[in-house]
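Q: Please take a close look at the salt bridges in this predicted model, with attention to where the paired side chains sit and how exposed they are.

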Amino acid sequence: PRYAGMPSAAYVLNGIIKGITADGVVTEEEVKLIEDWGARNIKYRENEAFAEIFNGIDDILTDKVVYEYEGVKLLELTKNITTSKAYNKTMVALQVLKGLIMGLSADGRIKNNEVDGLHMWLKDHDYLSGVHIYDEISKVLYEVLEDSVLDDDERARLIELCDSVK
């Protein structure tokens with residue numbers, strides 16, 4: 001695939017976009033997170049695959065608003081970023097997880113559907129069990145979801161955990 005061997009920044013971006021689009025609404029803080037990612041990774045803009053991603057991001061962020069259909073476009077830009085010749089499957093997934101956490105907590109709030117999305121992602125990537133960050137997030141998420149009610153204290157605990165992982 002043309003994305004093989006891309007820098008880990010690509011996998012982080014994939015996670016960020018999954019995180020910020022999880023609730024169907026992209027806030028100003030989340031737009032800023034994408035802009036910050038772009039500024040930190042500007043050196044990759046000339047890379048053919050990254051150029052396509054940067055151009056798509058530029059088009060979508062022109063008005064500083066990401067509508068739902070644009071969130072889908074952002075996901076499309078990075079959906080093929082899942083394999084690497086330079087990184088093994090675990091390293092790619094950990095970079096995506098890092099971005100996912102950044103995206104979920106960018107606006108300082110975690111909604112129920114975002115927690116559900118994180119829970120599903122963790123279940124889909126259970127091969128990461130035994131890796132500290134995965135285990136830590138899974139443990140807290142399990143404790144939070146144990147009673148099927150996400151209260152304000154649990155939301156705060158999740159935000160604190162996400163912030164500590166960034």
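A: In this predicted model, E143 is a partly exposed residue, because its relative accessibility of 28% falls between the 20% under which a residue is buried and the 50% over which a residue is exposed. The side chain of E143 forms a salt bridge with K139, and the closest N and O atoms of this pair are 3.4 Å apart. Both K139 and E143 belong to helix α7, which covers residues 132-145, and they are 4 residues apart, about one turn of the helix. The pairing also extends to a third residue, since K139, E143 and R157 are linked in a network of salt bridges. As background, side chains of opposite charge can pair when their charged atoms come close.

The structure holds 7 salt bridges, and two others are worth following in detail. In one of them, the side chains of K32 and D36 meet with an N to O distance of 2.7 Å. K32 and D36 both lie in helix α2 (residues 28-40), where they are 4 residues apart, about one turn of the helix. K32 has a relative accessible area of 44% and is therefore partly exposed, and D36, at 27% relative accessibility, likewise counts as partly exposed.

The other salt bridge joins the side chains of K64 and E35, with an N to O distance of 2.5 Å. Here K64 lies in the loop between α3 and α4 while E35 lies in helix α2, so the pair ties together parts that are 29 residues apart in sequence. K64 counts as partly exposed because its relative accessibility is 49%, a value that does not pass the cut-off of over 50% used for exposed residues. Its partner E35 is also partly exposed, at 27% relative accessibility.

The loop that holds K64 also holds Y67, whose place is between α3 (48-61) and α4 (68-78). Y67 counts as partly exposed, with a relative accessibility of 43%. Together with V65 and Y69, Y67 forms a nonpolar patch on the surface, and the accessible area of these three residues together is about 300 Å². To return to the salt bridges, the picture is thus one of K139 with E143 in helix α7, K32 with D36 in helix α2, and K64 of the loop with E35 of helix α2.

Technical notes:
Residues are numbered from 1 along each chain as its sequence is written. This is a predicted model: local features need pLDDT of at least 70, side-chain atom pairs count only at pLDDT 80 or more; totals for chains, interfaces and linings use all residues. Side-chain values use heavy atoms; hydrogens and water are left out. Patches are made of residues with over 30% relative accessible area and no salt bridge: like charges are joined within 9 Å, nonpolar side chains (Val, Leu, Ile, Met, Phe, Trp, Tyr) within 5 Å. Accessible areas come from the Shrake-Rupley method with a 1.4 Å probe; for residues, only the protein chains shown count as cover. A salt bridge is a side-chain nitrogen of Lys or Arg within 4 Å of a carboxyl oxygen of Asp or Glu. Helices (H or I, at least four residues) and strands (E, at least two) are DSSP runs, numbered from the N terminus. Buried means under 20% relative accessible area, exposed over 50%, partly exposed in between (1.4 Å probe, protein chains only).
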